[in-house]
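Subject: Structure handover

Dear colleague,

I am passing on the structure we spoke about, and I would be glad if you could look through it alongside the notes below.

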Amino acid sequence: MQQAVQAPAVHIGAIELGVRHARSLRDKMKALSAIDDDLLNENSLQVLNLLEGPIHMARTADNRKSLALILSLRAKCLNLQARTEEAICDLSEALTIYRELGDLNAEGRVTVLLGTVYGKRDDLQKQFECIEDSIAIFEELGQEKELVTAYQEAVRYYAVMRDFPSALVYGEKALALLSHLDMPRHLANIYRSTARVYEQAKNYERALNLYQASIDLFQDCGDRFNVAIATMQQAVCRAGWQWERGVQVESDKLAARTIYALEVFRACGAEESVPNALYYTGMIYSWGKRHSLALKYLRECEIWFGERDFVSVTCLSALRQIGVVHLERHKYQQAIRYLERALTLGGKLDVHNANYVVGNYLSQAYESLGQIDKAFEVYRNYIAAKEQIEGENRRKEMRALHVCYEVRKAQQEKEVLRLQNEKLKQEMAHKQREMTTLALHLSQKNSLLDSLNERIKSARASLKDDTSTLLSELLGLVQDAQQSELELEAFDRQFQIVHGDFVAKLARDYPTLSSIERRVCYFVKINMATKEIARLLCTSVRSIETYRYRLRKKLDLPRYTSLSQFLDSL
């Protein structure tokens with residue numbers, strides 16, 4: 001067991017050697033790629049110290065993709081070290097690089113991480129925006145695994161905001177995605193985290209079912225440690241539900257499950273999980289009014305912290321619950337001793353709600369001993385703490401609602417702009433079709449008139465003078481129709497609507513072009529062939545070729561650039 005605990009330190013040592021001895025950036029990146037989240041959590045400071053050299057090398061080589069990867073890794077380390085501002089700077093730079101590279105998948109992953117860091121900084125609006133952006137990116141890409149991660153972040157965000165309905169919407173979305181992916185361990189974790197949200201939302205039945213589903217999956221994976229955690233959480237959930245309903249808590253049956261978890265933690269060498277198992281076992285016995293057993297496990301929890309000269313909120317909770325058990329047993333002096341210790345510890349840990357958690361019980365204990373003044377003083381502090389916490393919760397809820405409102409408002413404005421742009425695109429496409437149809441109509445009309453013109457000339461040569469004169473008049477009408485400017489001017493107006501910027505730039509940058517040359521440019525712009533342009537302008541193909549040659553000269557085009565390509569880019 002001792003080897004399992006030390007394995008990450010040996011592993012980071014090997015990575016450290018690999019990074020320091022690697023000569024090329026590629027080899028350094030290969031060594032860094034062995035770092036996973038578990039190793040990072042255990043060795044964030046060591047990893048952080050490894051990254052300065054690779055970052056400098058990536059900047060010098062202008063290898064932007066490698067730089068973005070290393071910056072993202074350094075940001076994770078900085079976040080674990082509670083250096084959130086520096087982490088945000090690194091992630092913002094990485095995000096800019098990925099956007100410029102067009103790597104949408106990497107952009108989504110960095111956005112998720114950036115949202116987590118903003119959450120740590122308590123910047124709710126930016127955290128919410130990052131979550132929404134990452135979800136939109138992964139939904140667009142159809143990246144289901146990454147989308148699950150984004151949904152998990154949404155669950156955590158809404159759970160902290162105590163918006164449990166929204167949290168559960170995203171929790172169920174994550175479950176629905178994972179149900180058809182071959183990721184049983186990931187699914188088991190989602191079952192467990194979603195169960196916790198249902199438990200907070202007081203939907204105990206659904207929570208218990210999800211805890212059981214996670215237990216079954218962890219068992220299938222052979223993950224004894226996580227089976228123990230889920231079993232413990234399920235037992236506490238059921239005991240708390242029974243206690244809230246005022247029914248007899250099945251303390252022996254449920255405590256047996258937390259004791260099983262305790263044994264697994266000790267067997268696995270997971271010492272950090274032992275005090276939680278001790279505390280929850282004591283709580284279950286306390287809810288079941290098994291006071292002696294409750295005190296046994298709660299005191300073991302207290303001793304665990306005392307032996308390590310280490311305290312946490314779990315230690316505070318254990319001291320408080322020992323005081324509560326003594327209070328229920330009418331041992332008021334002992335209750336006061338433990339509750340006062342819990343209150344002092346809350347001050348050391350800067351737990352703002354320590355007075356709220358402990359004060360009410362401490363006031364009852366003093367009152368039971370007849371110390372009314374002391375009881376009143378403690379109760380007054382309890383009420384003040386309660387009002388402060390309730391006020392903070394209300395402000396937090398209002399702040400969360402304001403953030404949601406602002407983000408939704410921005411999304412609606414963005415959607416309105418998108419719809420307006422879509423409408424403009426459709427209108428422009430319609431105008432483009434109208435313009436192309438008009439040009440084709442002109443071409444077909446002039447083709448028909450050309451044919452009619454030729455046939456009239458042929459007929460006139462073989463007929464008498466009177467008839468020949470009539471045909472000459474008819475020929476004049478046909479030629480007038482071919483040379484009419486009205487329809488060409490209509491085309492010019494339509495082209496101006498669709499390609500107004502092009503027309504303006506052509507006139508501004510090349511003012512020496514004649515009107516006929518500009519019109520040739522218009523037809524080339526919409527991909528009309530030389531023969532069709534000749535027909536539209538009632539001239540010969542050779543004349544249009546001459547116009548094209550002159551245009552190339554006036555536009556100063558190199559030999560390898562075609563006229564149509566240049567006009568398309570203008």
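What follows is a short account of the salt bridges, the nonpolar core and the charged surface patches.

Please keep in mind that this is a predicted model. A search of the whole structure finds 24 salt bridges. In one of them, the side chains of glutamate 153 and arginine 156 meet at 2.6 Å, N to O; these residues are three apart in helix 10, and are therefore separated by about one helical turn. Glutamate 153 is buried, at 14% relative accessible area, whereas arginine 156 is partly exposed, at 45%.

A salt bridge between distant parts of the chain joins lysine 554 and glutamate 517, with the closest N and O atoms 2.8 Å apart; lysine 554 belongs to helix 27 and glutamate 517 to helix 25, with their positions 37 residues apart in the numbering. Glutamate 517 has a relative accessible area of 4%, so it counts as buried, the cut-off being under 20%, while lysine 554, at 37%, is partly exposed. In addition, Glu52, Arg74 and Asp90 are linked in a network of salt bridges.

The largest nonpolar core holds 52 residues, of which Phe265, Ile284, Trp287 and Leu362 touch the most other members. Helix 16 contributes the most to this core, with eight residues.

On the surface, Asp36, Asp38, Glu42 and Glu272 form a negative patch, and aspartate 36 sits in the loop between helix 2 and helix 3. A positive patch consists of Arg299, Arg329, Lys331 and Arg337, with arginine 299 located in helix 17.

Best regards

Key:
Residues are numbered from 1 along each chain as its sequence is written. This is a predicted model: local features need pLDDT of at least 70, side-chain atom pairs count only at pLDDT 80 or more; totals for chains, interfaces and linings use all residues. Side-chain values use heavy atoms; hydrogens and water are left out. Patches are made of residues with over 30% relative accessible area and no salt bridge: like charges are joined within 9 Å, nonpolar side chains (Val, Leu, Ile, Met, Phe, Trp, Tyr) within 5 Å. Accessible areas come from the Shrake-Rupley method with a 1.4 Å probe; for residues, only the protein chains shown count as cover. A salt bridge is a side-chain nitrogen of Lys or Arg within 4 Å of a carboxyl oxygen of Asp or Glu. Lys and Arg count as positive and Asp and Glu as negative; His and the chain ends are not counted. The place of a charge is taken as NZ of Lys, CZ of Arg, CG of Asp or CD of Glu. Helices (H or I, at least four residues) and strands (E, at least two) are DSSP runs, numbered from the N terminus. A nonpolar core is a set of buried Ala, Val, Leu, Ile, Met, Phe, Trp, Tyr and Cys residues joined through side-chain atoms within 4.5 Å. Buried means under 20% relative accessible area, exposed over 50%, partly exposed in between (1.4 Å probe, protein chains only).
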